[in-house]
Amino acid sequence: MPKPTSHFVCQSCGTVHGKWAGRCDACGQWNALVEEAIGQLSTKASNRRKKGRVMEIVGLGGETADPPRMASGIKEFDRVTGGGLVTGSALLVGGDPGIGKSTLLLQSSGRLAASGRKVVYISGEESTGQVQRRARRLGLSENPVSLAAETSLGTIIDGLMQSRPDVVIIDSIQTLWTDQLGAAPGTVAQVRACAQELTRFAKKTGACVILVGHVTKDGQIAGPRVVEHMVDAVLYFEGEKSHQFRILRAHKNRFGPTDEIGVFEMGEGGLTEVSNPSALFLDGRDDASSGAAVFAGLEGTRPVLTEIQALVAPAAFGTPRRAVVGWDSGRLAMVLAVLEARCGVSFAGKDVYLNVAGGLRINEPAADLAVAAAIASSVFDIPLPRDAVVFGEISLSGDVRPVGRSDARMKEAAKLGFGRVIGPAISRKSGEIDPQILPLIRIKALPDLITRVETSANGPAVLDSQAEAAWAA
Ligand code: TYD
Ligand code: MG
């Protein structure tokens, strides 16, 4: 029997199949199998073994200087990259189509070029005319960024080898193709081969290569996550399209911190930096409404205050809805279960909606208590004290557990004019929470919070001081 010359690779999980099928056996994805030729990229054994070269082995102790960096001057961008772009590195910027990746990178390259770096922006999606029009809108038409519209990898590498830029932007990796492969652009094989070649170019010449990748709806970089392993840093640009805020988040970074975020605002003239995100996320907050709690969170090293809104309403249909925007729905289910089991608050026949205002996505368990407070406030239709911020993790037993860096959270709240904190008595690392920063309303367990909300329900309209007494520290 002749040796097969091609096989089928699932574009979703990368599993290799001998023959085509409508559905991938491994991941269950429909219509994801694409034919690829076998063995075109394999390196011959004779190439692999270089005679006379012995692997060098060193200890862990050596002195190495920090890698040289190119700061863009856009503070929020530099914060996320860990202080600027590293020479000889490859970076992937992912995000939904239309979120503003091209805008962000065009603006950053403009700043880098203005500071004397040689920047090449290669667009595979838009014509040079389209990018020029955008540049004019962003006030960059006089900027020395070099621009090209090209999708063939060979042509791109040849061109780059000649011009030797400091920074290369490829917008986007999914449009590139190399004629060494039979597969169509955007398939795993093409994305992998092109990313590999460009990463090699970066290491060889000391340029920083930034790859743009579109993310599919379920959060995967299309043409799976193969590129993530190859590059030195992965940044995600995210946000709700209906909101102005855009958040650049480091997902992986070999040269800097992860969890760091940069906040931008999309406007007429492109993206502008937001140096005080808390003020932005709390902008336009309605003081006296029930179902809202201000969460003092941490994004990387930076404290960020956001409003968490909850609405508990009678369900119109048999099965109640649980809808969440900006938080984990599994975590919401847990908080609801603890409220039912430990505090006797019933959600049977009730819809629960939860929303993090401003389009931020919160990943911290420290938001548990703020979520519970917002839900309780909605259930009893009683506003929380308007000058309070909330944080604390809830355990399944209903206890409120300490969280990290309470001081930073409280200082940010104090800076923004909040007067007290609803939270656990101790902080995770530093022991006692310092009540010097802000008075602390101590919540030992969840029922304690419910009692306070209920007690203050005895009449904020009638007897304000009684309602206040419920929240006394
Ligand atoms: P874009 O950078 O093209 O997104 P991506 O590259 O991630 O697909 O951004 C497109 C959106 O940004 C588009 O909906 C219009 C909006 N936009 C502005 O609001 N203001 C601007 O100045 C620019 C350039 C774009
Ligand atoms: Mg784009």
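Here are some worked exercises on the structure above.

This is a predicted model, in which local features need pLDDT of at least 70, side-chain atom pairs count only at pLDDT 80 or more, and totals for chains, interfaces and linings use all residues. Residues are numbered from 1 along each chain as its sequence is written, chains are lettered from A and ligands numbered from 1 in the order in which they are written, and side-chain values use heavy atoms, with hydrogens and water left out.

**Exercise 1. Backbone oddities**

Find where the cis peptide bond sits, then look at the positive phi values of N31 and D381.

*Solution.*
- Step 1: the cis bond joins D171 and S172, with omega about 0°. S172 is in the loop between β9 (167-171) and α6 (188-205); helices (H or I, at least four residues) and strands (E, at least two) are DSSP runs, numbered from the N terminus.
- Step 2: N31 isn't a glycine, yet its phi is near 60°. Look for N31 in the loop between β2 (16-17) and β3 (33-37). With 64% relative accessibility, N31 is exposed; that word means over 50% relative accessible area, while buried means under 20% and partly exposed is in between (1.4 Å probe, protein chains only).
- Step 3: D381 also has a positive phi, about 55°, without being a glycine. Its loop runs between α10 (368-379) and β19 (388-390), and D381 is exposed at 54%.

**Exercise 2. A buried acid without a partner**

Work out what the side chain of D78 reaches, given that D78 has no salt bridge.

*Solution.*
- Step 1: place D78 in helix α2 (residues 75-81).
- Step 2: check the charges. Lys and Arg count as positive and Asp and Glu as negative; His and the chain ends are not counted. A salt bridge needs a side-chain nitrogen of Lys or Arg within 4 Å of a carboxyl oxygen of Asp or Glu. For buried D78, the nearest side chain of opposite charge is R111, 7.5 Å away.
- Step 3: look at the backbone instead. The D78 side chain reaches the backbone nitrogen of G73 at 3.0 Å.
- Step 4: list the surroundings. Leaving out residues up to four places away in sequence, D78 touches A71, S72, G73, G83 and G84, where contact means heavy atoms within 4.5 Å.

**Exercise 3. Domains and cores**

Say which domains feed the largest nonpolar core.

*Solution.*
- Step 1: take the domain assignment, which gives domain 1 (6-39), domain 2 (69-275) and domain 3 (280-472); such bounds come from an automatic or database assignment. The C-alpha centres of domain 1 and domain 2 are 29 Å apart.
- Step 2: find the hubs. The largest core has 66 residues, and I308, W327, L369, I375, I422, L446 and L449 touch the most other members. A nonpolar core here is a set of buried Ala, Val, Leu, Ile, Met, Phe, Trp, Tyr and Cys residues joined through side-chain atoms within 4.5 Å.
- Step 3: trace the sources. Helix α10 gives this core its largest share, eight residues, and domain 2 and domain 3 each supply at least three.
- Step 4: note that a separate, second core of 31 residues includes L112, V119, L140 and F237.

**Exercise 4. Pairing charges**

Which parts of the chain do the pairs E364 and R409, and R420 and D387, link?

*Solution.*
- Step 1: recall that side chains of opposite charge can pair when their charged atoms come close. The whole structure has 13 salt bridges.
- Step 2: E364 and R409 make one, with the closest N and O atoms 2.7 Å apart. That pair links distant parts of the chain, 45 residues apart: E364 is in the loop between β18 (350-356) and α10, R409 in helix α11 (residues 406-415). Both residues are buried.
- Step 3: R420 and D387 meet at 2.9 Å, N to O. R420 is in strand β22 and D387 in the loop between α10 and β19, so this salt bridge ties together parts 33 residues apart in sequence. R420 is buried at 13%, whereas D387 is partly exposed at 27%.
- Step 4: for a local case, take R452 and D448, whose side chains meet at 3.8 Å. They're four residues apart in helix α12 (residues 446-456), about one helical turn.
- Step 5: finish with the network of salt bridges that links E76, R79 and R302.

Technical notes:
Polar contact = N/O pair within 3.5 Å; in protein donor to acceptor, adjacent residues only side chain to side chain.
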